[in-house]
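This briefing is intended to be read alongside the sequence and the model. It treats the nonpolar cores, one helix and one loop residue in turn.

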Amino acid sequence: MEIRVLRYFLEIARAGNMTRAAETLHVSQPTLSKQIKDLEQELGKKLFRRSSSAMTLTDEGMLLRKRAEDIVAMVDKTSDEFKSMNDITGGEVHIGCAESHQVKYLAQTIKEFKVKYPMFRFHLTSGNTEQVTERLDRGLIDFAVIVEPPNLSKYNYLELPEADVWGLVMKKEDPLAQNETICFEDLIGLELICSAQGMKFDISRWCGEKADMLDLSGTINLAYNGSVFVREGLGYMLTFDRLINTGPGSGLCFRPLEPLLETKMYVIWKKYQVFTPIAQLLLDELKERLS
C-alpha cells in the first residue's frame with residue numbers, strides 16, 4: 001500500500017468523482033482508476049460505490065479514509081520534521097488544545113517565539129482532553145493543552161498559572177440572571193448543556209452524588225456552538241468563564257457557580273519524546289515562561 005495511492009484515494013473520496021480528482025491530482029483518469037482498482041484488489045474489499053456521476057464510500061472505504069488520513073498526516077509531519085532538522089530559523093509544531101482563556105499564555109509565547117524564529121509555523125487543533133491526548137499518543141501532535149490533571153506515568157507537563165472558573169451561561173432576560181452566583185438547587189429542572197468531560201469530572205466533583213439529579217439535555221466540545229444553542233432557547237450551558245462573548249449585544253450572561261468550582265490547565269508532552277529542534281526550542285521557551 002503506497003502513500004501516493006492513499007493520497008489518490010483520499011482525493012477521490014473528497015471530490016466524489018473520478019474526473020474531478022484526476023484533474024486535481026494532475027494524473028490521467030485511466031491511471032487513477034487503475035490505481036484504485038489495484039488498491040481494492042490488494043485489500044480484498046470494494047472501497048467505492050460507483051454510479052454514472054458520483055463515487056461514494058462503502059463502509060470499508062470509510063474505515064480506510066480514517067486510517068489513510070492518519071497515515072498521510074503522520075508521513076507529512078515526519079517529512080516536515082526532517083526538513084527542519086537543519087533549519088533553526090523555523091519549522092512546524094503541532095498542538096492539540098482544549099478551550100480556555102488561558103490559551104493566551106500559549107499565544108503570547110508563540111508571538112515572542114516568532115520574532116526569534118520568523119519561519120516558524122504552528123498548527124492548532126481544538127478538542128477535549130480525550131481527543132487531543134489520543135492525537136498526542138499517536139504522534140500526530142507535539143504538545144497537548146488539557147484541562148484535567150495529566151497521567152504522570154505517560155506525560156511530562158507544565159501547569160498554566162491561572163484557573164478556569166465554572167459557571168452558567170443563559171439569556172440575559174432569564175430570571176436566574178438576577179443572581180450573582182448559581183447554586184446547585186438553581187440547576188434542578190433546567191435543560192443543561194455541558195461537555196461530557198466537564199460533566200463527568202468537574203461537575204461531579206462539585207456536587208458529588210447529586211449530579212444524577214441534573215438534566216443533561218446535550219453535550220458539546222466547543223463552547224461557541226453551545227452558546228448558539230443557548231441563544232436559540234435550547235437550554236443553559238455549564239462552561240468556563242471568558243470563553244464566549246457575554247458583552248452588550250450578545251444576549252447572554254455568565255454567572256459563576258457557588259461554591260466556586262475551578263479547573264487547572266496543563267501543557268503536556270510524552271515522556272522520552274524526541275522533539276524536532278524547533279519543537280524543543282518552543283518547549284524551552286514555554287518552560288522559561290511557565291516554570
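Which residues of the largest nonpolar core touch the most other members? In this predicted model, they are Phe143, Leu168, Leu187, Ile203, Leu238 and Leu282, within a core of 48 residues. Helix α10 (residues 277-290) gives the most to this core, contributing 6 residues.

**Nonpolar cores**
- Separate from the largest core is a second one of 21 residues, whose members include Ala21, Leu39, Leu47 and Val72.
- Beyond its neighbours within four places in sequence, Leu187 contacts Leu168, Ile182, Leu192, Trp206, Leu214 and Leu238.
- In soluble globular proteins, nonpolar side chains tend to be buried together.

**Helix α8**
- Helix α8 (residues 196-207) comprises 12 residues and spans 16 Å from its first C-alpha to its last, close to the 16 Å expected at 1.5 Å a residue.
- Its buried residues are Gln197, Gly198, Met199, Asp202, Ile203, Trp206 and Cys207.
- Gly208, just after α8, adopts a positive phi of about 65 degrees.

**Thr58 and its surroundings**
- Thr58 lies in the loop between β2 (55-57) and α4 (59-83).
- Thr58 has a relative accessible area of 8% and is therefore classed as buried, the cut-off being under 20%.
- A polar atom of the Thr58 side chain is 3.0 Å from the backbone nitrogen of Gly61.
- With neighbours within four places in sequence set aside, Thr58 is in contact with Lys46, Leu47, Phe48 and Arg49; of these contacts, Leu47 is also listed in the second core.

Key
Residues are numbered from 1 along each chain as its sequence is written. This is a predicted model: local features need pLDDT of at least 70, side-chain atom pairs count only at pLDDT 80 or more; totals for chains, interfaces and linings use all residues. Side-chain values use heavy atoms; hydrogens and water are left out. Helices (H or I, at least four residues) and strands (E, at least two) are DSSP runs, numbered from the N terminus. Buried means under 20% relative accessible area, exposed over 50%, partly exposed in between (1.4 Å probe, protein chains only). A polar contact is a pair of N or O atoms within 3.5 Å; within protein, one must be able to donate a hydrogen and the other to accept it, and residues adjacent in sequence count only if both atoms are side-chain atoms. Contact means heavy atoms within 4.5 Å. A nonpolar core is a set of buried Ala, Val, Leu, Ile, Met, Phe, Trp, Tyr and Cys residues joined through side-chain atoms within 4.5 Å. The expected span of a helix is 1.5 Å times one less than its number of residues.
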